[in-house]
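This report describes the fold and packing of the model shown below. It proceeds from an annotated region to a single helix, then to the overall form of one chain and the nonpolar core.

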Amino acid sequence: MDRNRTHRNRKRILAALHFTALFLTMAIICIPGLWIVLNSFRPTVEIMAKPPVWNPSFTLDHYRAMFGGAGEGGVPVFSYFRNSLIISVVSTAIAILIGMSGGYAFARYKFKGKSGYFVGLMLFRAVPGVALSLPLFIVFAKVGLIDTHLGLILVYVAMNVPFTIWLTDGFFRQIPKELHEAAEIDGCTRWQAFWKVEFPVAKSGVASAAIFAFLTSWNEFALASQLTRSVGSKTMPVGLLDFTAEFTINWGGMCALAVLMIIPALILTFLVQKHLIAGLTFGGVKG
Amino acid sequence: MPRRRLPEWFLLLLPAIIVIAAVVLIPLIFSLYSSFTPYKLTRPSTLWKWIGTYNYEKILTDAKFWAAFGRTVLFLTIALNVEMLLGLGIALLVNKVTWGQRTLRTVLMFPMMFSPILVGFQFKFIFNDNIGLVNNVLQSMGFNVALPWLVDGKLAMFSIAFAEIWMSTSVFAILILAGLFAMPRDPLEAAKVDGCTPWQSFRHISLPFLMPFIYIAMTIRSLDVARAYDIVQIMTGGGPARRTELLWTLMSRTGYVDARMGLANAMGYVSILLSIFFTVYFFRKLSAARAEIGMGG
């Protein structure tokens, strides 16, 4: 009896510990983001208040100022949003097409020095953005690509292709070869067999690769901050800096722009989160 | 005689090779060349003056450079290890949950969507010594202090590491969790029957199976180690008095503020080699771990 009870108590304590640890972890993950959202709705006076005000009041001032245009210290958010969207979407689409063809080559063909090519391509992704931005800045200035959409699109395509190859390679490898062979026997060309048979099967992998590419371009800062100059091409991560002055930061406005920046990423990620995890593990473990 | 055609695999890879060559390789060759010149943005003619390895000699004998280099390596080592351990812990915690697992996994993905620069701003706000959340909470709890989180050298390094770890732990947690889901149950039960303690079965059965997943996460992370630059640049800019200076912030200051592109490019090459070292190291670990559990190919 007694032993049973101590055993049960121990189990209960362990369960309580487990719950506490989990709760703390989730709190640490969530609070910083929620703090940003909360502060985007608080008046500046309250954010700066000393001693701190703990029951928040609600205001839409920061959003009104942000969307109100470049007038009273506002930031041209619409232009930044449009630039970000154009650059991310176009570069993702191109990177997926190029990366998919590369991934297919790695998954379906045997050739000499294959793993060498593969690691070599990955290494180009590992080049730090800052280190790349120095020469790119000079080269782009000579070619006239500084401060254009095209310039950033090119950069992001090159950044995203290696990782896309990695992910799609893993997915195409999962598809049995017999599938496209059967389609070819039935009279399809290799090209048709790919689009009609293999692509639909690998769709979820391609989707997760696309999300990664999109998030990378959407969030990139190191290169964008050097290669863009004006409202015509600045992306949102660069736009965040507009809220900082020499010694002060407009925290509320910055939080509002941050919220605007997170929303598309959030929606996209939740839409495909199942594929995202499958994509990462397939591509890696069975590679 | 029929014309020799390029093999199909090469044609398929060609677009990728062209884009990467044009946007990454050519600039890198240019930067390699300019790292042997005293090139300054303000004086374009200096690009044609060859000075050999002068820039490299200069940075290799510069104490400031070595301090930044050492700090970067230390920072990466600590951050990657802590992220891995925390990720493993979180994955095990979530794996034990019987209810609401999907929601928890969704919450785990939350930091992955944040732009590094946003993470920097967010923690700059939270660690602000005057109006930040951390100090406000401390003061409301009755401690009459205003800890200079981003002003004191040691605390600033801690804050930056905290931000970096907050951002990147979830990659590890999610991949390790996927590994735990994929793990076969039989060996664990057999071990239990044979009288293994939970620690023994974790150490000898679960962990070897999880290793490839850990290395995938490491490899993915190592492809992008330099994104810590965004965080540091925003939170402290390498300050106070260079106490949080990493290789990347030093390089960007040398290149863009001092306009000494040649010197900055020499530093850039050191940082590229560092990144390549990390990536190759984890790639090799990954294939070794794959081979061990028979997933090689």
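For residues 69-282 of chain B, an unreviewed UniProt entry lists "domain: ABC transmembrane type-1". In this predicted model, that stretch of chain B is 75% helix and 0% strand, and its end C-alpha atoms are 20 Å apart.

Helix H11 of chain B covers residues 247-257, and 8 of its 11 residues are buried, so it is largely enclosed by the rest of the structure. The buried residues of H11(B) are B:Leu247, B:Trp248, B:Thr249, B:Leu250, B:Met251, B:Ser252, B:Thr254 and B:Gly255. Their packing partners come from both chains: helix H6 (129-143) of chain A, and helices H3 (63-96), H10 (228-235) and H12 (261-292) of chain B. After H11(B) comes B:Ala259, which has a positive phi near 60 degrees.

Chain A contains 13 helices and 0 strands. Its radius of gyration is 25 Å, well over the 19 Å that the globule rule gives for 287 residues, so chain A is more spread out than a compact globule. The C-alpha trace of chain A spans about 85 × 75 × 35 Å along its principal axes. Of the 287 residues in this chain, 46% count as buried. Among contacts in chain A with a separation of 6 or more, 76% are between residues 24 or more positions apart.

For chain A, UniProt (unreviewed entry) places the feature "transmembrane region" at residues 12-38, 85-106, 118-141, 153-172 and 249-272. Two of these spans are described in the table.

| Span of chain A | Helix | Strand | Distance between end C-alpha atoms |
|---|---|---|---|
| Residues 12-38 | 100% | 0% | 36 Å |
| Residues 153-172 | 100% | 0% | 26 Å |

The largest nonpolar core has 157 residues, of which A:Val155, A:Ala158, A:Leu257 and B:Ile176 touch the most other members. Helix H7 (residues 149-174) of chain A gives the most to this core, with 15 residues. Domain 1 (2-66) and domain 2 (71-285) of chain A each supply at least three residues to this core. Nonpolar side chains tend to be buried together in soluble globular proteins.

Which residues are in contact with B:Ile176, leaving aside its neighbours within four places in sequence? They are B:Gly87, B:Leu88, B:Ala91, B:Leu210, B:Phe213 and B:Ile214.

Definitions and conventions
Residues are numbered from 1 along each chain as its sequence is written. Chains are lettered from A and ligands numbered from 1 in the order in which they are written. This is a predicted model: local features need pLDDT of at least 70, side-chain atom pairs count only at pLDDT 80 or more; totals for chains, interfaces and linings use all residues. Helices (H or I, at least four residues) and strands (E, at least two) are DSSP runs, numbered from the N terminus. The radius of gyration is taken over C-alpha atoms; the globule rule is 2.2 Å times the number of residues to the power 0.38. A residue is buried if 20 or more other C-beta atoms lie within 10 Å of its own, exposed if 12 or fewer, and partly exposed in between; C-beta atoms are placed from the backbone. Two residues are in contact if their C-beta atoms, placed from the backbone, lie within 7 Å. UniProt positions are given in the numbering used here, feature names are shortened, and annotations may be inferred rather than shown by experiment. A nonpolar core is a set of buried Ala, Val, Leu, Ile, Met, Phe, Trp, Tyr and Cys residues joined through C-beta atoms within 7 Å. Domain bounds come from an automatic or database domain assignment.
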